[in-house]
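Colleague: Could you take me through this structure slowly, giving the rule behind each term as it comes up?

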Amino acid sequence: MTKDDRRKRCKEVNKDMISDLPNVIIGHILSFLPTKDALCTCILSKSWRELWRSLSNFDFDDRTWKSKIIFGNFMDRFCYLHNSRENSITKFRLRVNGSYPSSRMSAWISAAIKDNLEELKLWIYTADHVPLPRRIFSCEKLVILDLGYRIDIDLLGVGVHFPCLKVLHLQELPMLDDHASIEKLLAGSPVLEELKIEHEDCESRNVLRICSSSLKRLIIRFPFVAYDEKDPGCRELTLDTPNLELLKLTDLVSEKLNMLQIPYSLVEAALSVAYKHVFTIQVDDYIDMAVHLLRPIMTIVKILRLCDTTMRVSFILILLLCLISPWSDHSLPHIDIPFTDVIRRSS
């Protein structure tokens with residue numbers, strides 16, 4: 001092979017084939033990279049400088065940037081470029097820990113909310129509350145909605161239409177004390193399969209009703225009750241979820257727990273309940289209520305995890321079901337006792 005042939009062969013091997021692809025395809029490839037890495041490709045050449053605009057997947061976290069100022073300025077540019085036109089953004093995730101004006105953060109979010117949006121995750125750890133743009137409640141293609149901390153949701157006079165929403169996570173939001181808003185979100189999500197609600201400091205004393213025939217996975221965590229001597233009230237949680245397959249319930253807040261329909265499809269359950277001295281009901285009534293909730297669950301699930309307080313509340317029920325059980329001999333429950341106690345039965 002001559003020197004010219006080798007040079008020609010080397011040139012063919014090192015040919016930049018990616019740059020020859022259409023910008024739409026390159027943008028799609030870049031969407032699989034972490035957003036910050038995808039943005040770095042703009043220094044490769046002039047033709048790559050503006051490719052990041054065509055990305056469909058954005059994941060921003062100001063903790064990964066050297067400066068909050070640089071991050072804020074970049075997000076302002078992102079807002080300017082995407083706010084004035086329909087874009088192809090399908091996934092938008094934003095985690096903010098810095099101090100930015102709420103109006104500024106709200107503009108960033110608004111720029112991403114378009115009709116094509118399929119996934120929205122917002123975790124805002126700031127002093128200011130950020131209002132969630134109302135346009136989100138009419139995003140018909142939205143499949144995943146994950147909201148945490150300083151996001152304000154105002155559903156007054158707003159219709160919720162989520163025909164494709166399958167996953168809804170709500171964590172430490174101010175609206176979690178407004179049970180009517182939660183129920184309105186569920187009513188507007190007819191195909192919802194997974195619901196996760198976490199609230200460390202519950203203040204509302206109304207009845208929370210989780211009603212969904214499509215729900216398969218339900219995770220609720222209410223670990224601490226905010227007690228008011230002037231208005232002790234009585235919190236109540238009602239589950240109307242006949243097709244559940246997974247239930248993880250930590251409720252140290254509700255004095256009444258109701259399950260309207262037995263979910264015969266339930267495979268796994270983890271329960272943590274306990275009587276608190278601030279409750280308005282008597283301890284015996286609470287125990288009767290907890291046993292009434294647990295009895296049908298124990299005869300259905302294959303895996304049951306109980307915390308130590310739940311074990312004490314329903315010890316007699318567990319003992320009776322283990323000794324006088326409808327299960328056959330080969331499927332009697334197996335009990336392990338570390339932090340979370342597990343009862344298993346074979347199908």
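**Terms set against values**

Modeller: The secondary structure of the protein comes to nine helices and 17 strands, where helices (H or I, at least four residues) and strands (E, at least two) are DSSP runs numbered from the N terminus. This is a predicted model, in which local features need pLDDT of at least 70 and side-chain atom pairs count only at pLDDT 80 or more, while totals for chains, interfaces and linings use all residues. Residues are numbered from 1 along each chain as its sequence is written, and side-chain values use heavy atoms, with hydrogens and water left out.

Colleague: What makes strand 14 largely enclosed by the rest of the structure?

Modeller: Five of the six residues of strand 14 (residues 268-273) are buried, so the strand is largely enclosed; buried means under 20% relative accessible area, exposed over 50%, and partly exposed in between, with a 1.4 Å probe and protein chains only. In the protein, buried residues make up 46% of the 347 residues.

Colleague: How do you know that strand 12 and strand 14 pair?

Modeller: Two strands pair if DSSP finds at least two bridges between them, and strand 12 (residues 246-251) and strand 14 have six, in the parallel sense, so the rule is met. One of the partners in strand 14 is Ala 269, bridged to Leu 247. Strand 14 also pairs with strand 15 (residues 303-306) in the parallel sense, over four bridges, and there Leu 271 stands opposite Leu 306.

Colleague: Why is Glu 236 said to have no salt bridge?

Modeller: A salt bridge needs a side-chain nitrogen of Lys or Arg within 4 Å of a carboxyl oxygen of Asp or Glu. For the buried Glu 236, in strand 11 (residues 236-240), the nearest side chain of opposite charge, Lys 256, is 4.8 Å away, so the limit is not met. Lys and Arg count as positive and Asp and Glu as negative, with His and the chain ends not counted.

Colleague: What joins the side chains of Glu 236 and Asn 258?

Modeller: A polar contact of 2.6 Å joins them, the term meaning a pair of N or O atoms within 3.5 Å, where within protein one must be able to donate a hydrogen and the other to accept it, and residues adjacent in sequence count only if both atoms are side-chain atoms.

Colleague: Which side chain of opposite charge is nearest to Glu 255?

Modeller: Arg 235 is, at 5.6 Å, and Glu 255 is buried yet has no salt bridge. The side chain of Glu 255 reaches the backbone nitrogen of Ile 281 at 3.4 Å.
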